Amino acid sequence: MKELVDYIVKGLVDSPDDVNVYEENAYGSTILEISVGGDDMGRVIGRRGQVINSIRTIVKAASTNSQERYTVELLES
Amino acid sequence: MSQQKRKFEARSASVDEAIRAGLAALDLKKDEVTIEILDEGSRGLLGIGSRDAVVLLTALEPEFAEEEVEEVEVVEEPAPESEPEPGPELVEEVADEVEEEAETAVAPSSPPQPVEEEAVPVDYQYDDGSEEAVALEVVRAMFDRMGVETTVTLRTTDVDEKTGKITPVIDVRGSNLSPFIGQRGDTLSTIQYLARLIVANTRGTRAYFVIDIDGYRERREQALARLAERMAGKVIDRQHPISLEPMPPQDRRIIHITLREMDGVYTSSTGEGSRRKVQILPAK
């Protein structure tokens, strides 16, 4: 799942080299934390959060058949 | 069902209130009736010119449920010339049925569908940088990382009669893909939205390609066109407008296009954002 988020975010930004996705496990749920270059924050959030929420929707769809639950967060830079 | 009252026209300040009043009058629950919104009402300006909302509630016939099942089953067959009129029905329910038809055909138990002729993969250069080449690569990469096995191919639509444009279509096929279609195709739309953004960012220009999963879009289009025709027939018979349930833009577009050439009705959209819906009205 981390690879999916990493791929999508790198495809959206101007500076893919500054993209990192960290995986953190917390009580049966996995938190995927996205970090991007400061200038790319807006790209990943999107108008009214449309982009980041779309990423969450896809992650949710991709985890339908697994036991894992994922949360996607964007780290402030 | 006994000889109890089966139809009730209720009016009130709002549609919701009118429905509630009507249900109370019939002593039925919401899923036991069909609801037609005859007039959405209007608040008017400062109470001047306000109009009550009017709804028509009709008790469901017991045989209705069976007919619905039948229709779902014949989903793979070509549409019959004239469909049996299923009687009064809840507009929302019909749209659910449309959804169900599409979903049913996705079920893994359905026989493998023959790949349409135009779905034969086009021979093209992977790295020619064209929208379709990049799109194909991006969609493949996304589904690979979603942990599902899929076959992703490229085709193009026929030339659009109005715009003369050809749109690239990325077909994704596999088993158990319904989570990626989602309710009314909204997950599919989300995937398409992100894939278009990535392709646009990669190429530095807007992307217009369409993604389809297991032929969902095509089936939904056909089901929506049938729904539009059935409802238009009803509008002509009764000479009052029918509002369909809220739909995304591409679905509303299909309703508008289907009924564009039809005599006796015209269509318009009302409501804002995700509540926007098509109204079919009798031509004046």
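In this predicted model, A:Arg43 is partly exposed, at 36% relative accessibility. The side chain of A:Arg43 meets that of A:Asp14 in a salt bridge, with an N to O distance of 3.3 Å. This pair links distant parts of the chain, 29 residues apart: A:Arg43 belongs to helix 2 (residues 41–45) of chain A, while A:Asp14 sits in the loop between helix 1 and strand 1 (20–26) of chain A. The partner A:Asp14 is exposed, its relative accessible area being 54%, which is over the 50% used as the limit for that class.

A salt bridge within a single helix is found in chain A as well. Here the side chains of A:Asp6 and A:Lys10 come together at 3.1 Å, N to O. The two residues are four apart in helix 1 (residues 2–12) of chain A, so about one helical turn separates them. A:Lys10 has a relative accessible area of 33% and is therefore partly exposed, as this value falls between the 20% and 50% limits.

Turning to chain B, a salt bridge joins the side chains of B:Asp251 and B:Arg220, at an N to O distance of 2.7 Å. B:Asp251 lies in helix 8 (residues 249–260) of chain B and B:Arg220 in helix 7 (residues 216–238) of chain B, so the salt bridge ties together parts that are 31 residues apart in sequence. Both of these residues, B:Asp251 and B:Arg220, are buried, that is, each has under 20% relative accessible area. Chain B also offers a network of salt bridges, in which B:Arg155, B:Asp171 and B:Glu218 are linked. Over all chains, the structure holds seven salt bridges.

What is the count of salt bridges between chain B and chain A? The count there is zero. The two chains nevertheless touch, with 16 residues of chain B in contact with 18 residues of chain A. The size of an interface is often given as the accessible area lost when the parts come together. For chain B and chain A, the buried area is about 1600 Å², and carbon and sulfur atoms give 72% of it. On the chain B side, the residues that lose the most area to chain A are B:Arg145, B:Leu194 and B:Asn201, which together account for 33% of what that side buries.

Two of these residues, B:Leu194 and B:Asn201, reappear in a helix-to-helix contact between the chains. Two packed helices are described by the angle between their axes and the distance between the axes. Helix 1 of chain A packs against helix 6 (residues 186–203) of chain B at an angle of about 45 degrees, and their axes are 8 Å apart. Helix 1 of chain A is thus oblique to helix 6 of chain B, because the angle lies between the limits of 35 degrees for roughly parallel and 65 degrees for roughly perpendicular. From helix 1 of chain A, the residues A:Ile8, A:Gly11 and A:Leu12 meet B:Leu194, B:Leu197, B:Ile198 and B:Asn201 in helix 6 of chain B. By class, this contact has five nonpolar and two polar residues, with no charged ones.

As for the fold of chain A, there are three helices and three strands, which follow the pattern α-β-β-α-α-β along the sequence. Of the 77 residues in chain A, 43% are buried. Among the contacts in chain A between residues at least 6 apart in sequence, 55% join residues at least 24 apart.

Note on methods: Residues are numbered from 1 along each chain as its sequence is written. Chains are lettered from A and ligands numbered from 1 in the order in which they are written. This is a predicted model: local features need pLDDT of at least 70, side-chain atom pairs count only at pLDDT 80 or more; totals for chains, interfaces and linings use all residues. Side-chain values use heavy atoms; hydrogens and water are left out. A salt bridge is a side-chain nitrogen of Lys or Arg within 4 Å of a carboxyl oxygen of Asp or Glu. Buried means under 20% relative accessible area, exposed over 50%, partly exposed in between (1.4 Å probe, protein chains only). Axes are lines fitted to C-alpha atoms, for helices over the stretch in contact, and angles run from 0 to 180 degrees between N-to-C directions. Angles under 35 degrees count as roughly parallel, over 145 as roughly antiparallel, 65 to 115 as roughly perpendicular and the rest as oblique. Contact means heavy atoms within 4.5 Å. Ala, Val, Leu, Ile, Met, Phe, Trp, Tyr, Cys and Pro count as nonpolar, Asp, Glu, Lys and Arg as charged, and the others, Gly among them, as polar. Buried area is the accessible area (1.4 Å probe) that two parts lose on being put together, summed over both.
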